[in-house]
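User: I would like a close look at a single part of this protein. Please go through it slowly and connect it to the rest of the chain.

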Amino acid sequence: MNDVAGLPLWAALLISLLLLAGAAFMLMGAIGLLRFKTFYERLHAPAMGTSLGAGGVLTASIIFFSARDGRLALHDVLLGIFIMITTPVTLMLLTRAALHRDPPEKRARVRKRRKRSG
């Protein structure tokens, strides 16, 4: 508790705001996973929630450790880079695996819908 008590007010408010925003994005991703009906619709919400939510939490962590130690702490940047790279790649691989698994009729419907929206 001594680490938190020594934080400046601006840092504590900014950290709190970033943690709440990150948690809200993660919650929206989880709700999107539950609400969407098809596998293809369910892929987007958790990926965005994970990326944006983790970004908020990691930024809050960087600010906390920088304000606590009095120097720039960038140890969480590697985690952020890893999440930002692996989440879209995982999403793409899951989508391709599902398209390969689906019967040809369903693949044609998905491709038509994708061409219409794109």
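Where is the place of arginine 71? Please describe that part and what lies around it.

Analyst: Arginine 71 has its place in the loop between H3 and H4. The model is a predicted one, and that applies to everything below.

Start with the whole protein. Its secondary structure consists of five helices and zero strands, so the order of elements from the N terminus on is α-α-α-α-α. Of the 118 residues in the protein, 25% are buried. The accessible surface comes to about 8,600 Å², and carbon and sulfur atoms account for 70% of that surface. Among contacts with a separation of 6 or more, 63% join residues 24 or more positions apart.

Now the loop itself. Helix H3 covers 39-69 and helix H4 covers 77-101, with the loop between them. Arginine 71, histidine 75 and aspartate 76 can be taken in that order.

Arginine 71 counts as exposed because its relative accessibility is 57%, and the cut-off for exposed is over 50%. Leaving out residues up to four places away in sequence, arginine 71 touches Phe65 and Ser66.

Histidine 75 is also placed in the loop between H3 and H4. Histidine 75 has a relative accessibility of 45%, so this residue counts as partly exposed. Phenylalanine 65 comes up again here: histidine 75 and phenylalanine 65 are ten residues apart along the chain, and their C-alpha atoms are separated by 9.3 Å.

Aspartate 76 is in this loop as well. Aspartate 76 is buried yet has no salt bridge. The nearest side chain of opposite charge belongs to arginine 68, and it is 10 Å away. A salt bridge requires a nitrogen and an oxygen within 4 Å, so at that distance aspartate 76 and arginine 68 do not form one. Apart from neighbours within four places in sequence, aspartate 76 is in contact with Leu58, Ser61 and Ile62.

Arginine 68 does have a partner, though. Arginine 68 forms a salt bridge with aspartate 69, and the closest N and O atoms of the pair are 3.0 Å apart. The count for the protein comes to one salt bridge. Arginine 68 is partly exposed, because its relative accessible area is 34%. Aspartate 69 is partly exposed too, because its relative accessibility is 36%.

On the other side of the loop is valine 77, which is found in helix H4. Valine 77 has a relative accessibility of 33%, so it counts as partly exposed. Valine 77 also belongs to a nonpolar surface patch of about 850 Å². Other members of the patch include Leu72, Leu74, Leu78, Ile81 and Ile85. Val89, Met92 and Leu93 are in the patch as well.

Next, the two helices that the loop joins. The UniProt record, an unreviewed entry, places the feature "transmembrane region" at residues 12-34, 46-65 and 77-99. In the model, residues 46-65 are 100% helix and 0% strand, and the end C-alpha atoms of that span lie 28 Å apart. Residues 77-99 are likewise 100% helix and 0% strand, with the end C-alpha atoms 34 Å apart.

Serine 51 gives a further link across the chain. Serine 51 is found in helix H3. Serine 51 counts as buried because its relative accessibility is 11%, and the cut-off for buried is under 20%. Not counting neighbours within four places in sequence, serine 51 is in contact with Ile83, Met84 and Thr87. Serine 51 and threonine 86 are 35 residues apart in sequence, and their C-alpha atoms are 9.7 Å apart in space.

To put the loop together: arginine 71 is exposed, histidine 75 is partly exposed, and aspartate 76 is buried without a salt bridge.

Note on methods:
Residues numbered from 1 in each chain as written. Predicted model: local features only at pLDDT ≥ 70, side-chain atom pairs only at ≥ 80, totals over all residues. Heavy atoms only, no water. Helix = DSSP H or I, 4+ residues; strand = E, 2+ residues; numbered from the N terminus. Buried < 20%, exposed > 50% of the residue type's maximum accessible area, 1.4 Å probe, protein only. Lys, Arg positive; Asp, Glu negative; His and termini not counted. Contact = heavy atoms within 4.5 Å. UniProt positions renumbered as here; feature names shortened; annotations may be inferred. Patch = residues over 30% accessible without salt bridge, like charges linked within 9 Å, V, L, I, M, F, W, Y side chains within 5 Å. Areas by Shrake-Rupley, 256 points an atom, 1.4 Å probe, with all protein chains shown as cover.
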